[in-house]
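Hi everyone, thanks for coming. I'd like to walk you through a model I have been looking at, so let's bring it up on the screen.

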Amino acid sequence: MLKFHSVSKRYDDGTQALSEVHLDIPQGQFCVLLGSSGAGKSTLLYMVNGLVTPTTGQVEIGGKALNRANMKSIRRTVGMVHQQFNLTPRLSVAMNVLSGALPFVSYLRAAAMWYPRVLRERACKLLAEVGLSPEHLTRRVSELSGGQMQRVGIARAFMLEPQVLLADEPVASLDPRVSRDIMVLLRDEAKRRGTTVVCSLHQPELAVEFADRIIALKGGKLIFDGTPEQLVAAGLDSIYQNNESKPAPSHSVPHVTPQMLEALA
Ligand SMILES: Nc1ncnc2c1ncn2[C@@H]1O[C@H](COP(=O)(O)OP(=O)(O)OP(=O)(O)O)[C@@H](O)[C@H]1O
Ligand SMILES: [Mg+2]
């Protein structure tokens with residue numbers, strides 16, 4: 001249901017972030033993306049919600065190729081969970097969750113923060129599902145712990161009842177126990193609804209525990225696509241080894257060039 005047809009991305013500065021990635025992800029699959037920093041994980045994720053446009057190749061959701069004309073309608077079928085939660089701290093938990101439905105309400109209603117009853121009911125149900133109590137509804141997000149914030153982020157992402165949920169390092173800023181709780185929640189909520197998930201992680205052990213399928217990128221290329229068991233058998237070395245970077249000689253002195261100074265002016 002989610003397909004990447006030989007997608008490549010070259011950013012304006014010439015960085016080749018992805019090269020010829022081909023993937024076919026069935027409905028309801030929980031896919032985890034692994035790869036060292038700069039491997040291209042976020043670039044691949046952001047192609048699904050249109051924040052990054054492939055230089056070549058195509059992304060297809062539910063049989064429809066993503067293009068400028070259908071971007072707005074397709075975006076409504078794609079939810080997103082962020083590393084830094086991306087919530088509005090001064091607003092209440094309830095308002096943050098409801099804001100996930102903004103594409104469904106008129107501009108005037110959104111400005112007045114007035115949401116129809118059906119959406120308010122959905123928000124309450126979701127908050128209970130993610131383990132927040134009624135007292136949390138009116139609390140400001142800034143008063144929550146990181147784990148609670150991500151629960152709000154997950155509830156918000158499901159407000160749109162998405163077909164696809166993207167999660168870019170959703171547990172990067174959380175401690176190991178809370179990280180696991182959040183992964184359990186993400187997987188269970190997605191499985192209950194049959195939502196396809198593509199989630200990038202820097203914790204291979206969580207990938208092995210939670211993924212149906214693990215995809216690894218290196219230097220923008222797909223280097224592994226298989227089950228957690230296959231990844232364990234293959235070993236992680238090839239994913240995280242960095243053959244390209246050579247350590248700087250110990251006697252080297254950092255050199256400040258006029259171009260660097262100009263870039264900061
Ligand atoms: N807007 C941009 N303009 C230019 N280069 C970019 C841009 N965004 C990302 N890149 C580069 O593209 C490559 C892939 O970046 P990307 O953010 O997709 O990696 P990542 O796997 O998500 O890394 P991390 O684990 O650190 O989040 C990197 O070399 C990065 O510097
Ligand atoms: Mg990233």
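I'll go through the sheet, then a pair of helices, then the ligand. Please keep in mind that this is a predicted model.

Let's start with the sheet. It is open and has 6 strands, in the order 6-7-8-3-9-10, with mixed pairing. Strand 6 (78–81) and strand 10 (221–226) are the edges, each pairing on one side only. From one strand to the next, the twist averages 20°. Inside that order, strand 3 (residues 30–34) pairs with strand 8 (residues 196–200) in the parallel sense, over 4 bridges. If you want a landmark there, F30 stands opposite V197 in strand 8.

Now for the helices. Helix 6 lies across strand 6 and strand 7 (164–168), and runs at about 175° to strand 6.

How does helix 6 pack with helix 7? Helix 6 (residues 146–158) and helix 7 (residues 176–193) meet at an angle of about 15°, with their axes 10 Å apart. At that angle, helix 6 is roughly parallel to helix 7. The crossing is right-handed. On the helix 6 side the contact includes G146, G147 and I154, and on the helix 7 side it includes V178, I182 and L185. The contact residues divide into 6 nonpolar, 3 polar and 3 charged.

Finally, the ligand. Which residues surround ligand 1? Among them are Y11, D13, G35, K41, S42 and T43. Helix 1 (residues 41–48) gives the most to this shell, with 3 residues. By type, the shell has 3 nonpolar, 7 polar and 2 charged residues.

That's my tour, and I'm happy to take questions.

Definitions and conventions
Residues are numbered from 1 along each chain as its sequence is written. Chains are lettered from A and ligands numbered from 1 in the order in which they are written. This is a predicted model: local features need pLDDT of at least 70, side-chain atom pairs count only at pLDDT 80 or more; totals for chains, interfaces and linings use all residues. A residue is near a molecule or strand if its C-beta atom, placed from the backbone, lies within 6 Å of it. Helices (H or I, at least four residues) and strands (E, at least two) are DSSP runs, numbered from the N terminus. Ala, Val, Leu, Ile, Met, Phe, Trp, Tyr, Cys and Pro count as nonpolar, Asp, Glu, Lys and Arg as charged, and the others, Gly among them, as polar. Axes are lines fitted to C-alpha atoms, for helices over the stretch in contact, and angles run from 0 to 180 degrees between N-to-C directions. Angles under 35 degrees count as roughly parallel, over 145 as roughly antiparallel, 65 to 115 as roughly perpendicular and the rest as oblique. A crossing is left-handed if the near helix is turned anticlockwise from the far one by less than a right angle, and right-handed if clockwise. Two residues are in contact if their C-beta atoms, placed from the backbone, lie within 7 Å. Two strands pair if DSSP finds at least two bridges between them.
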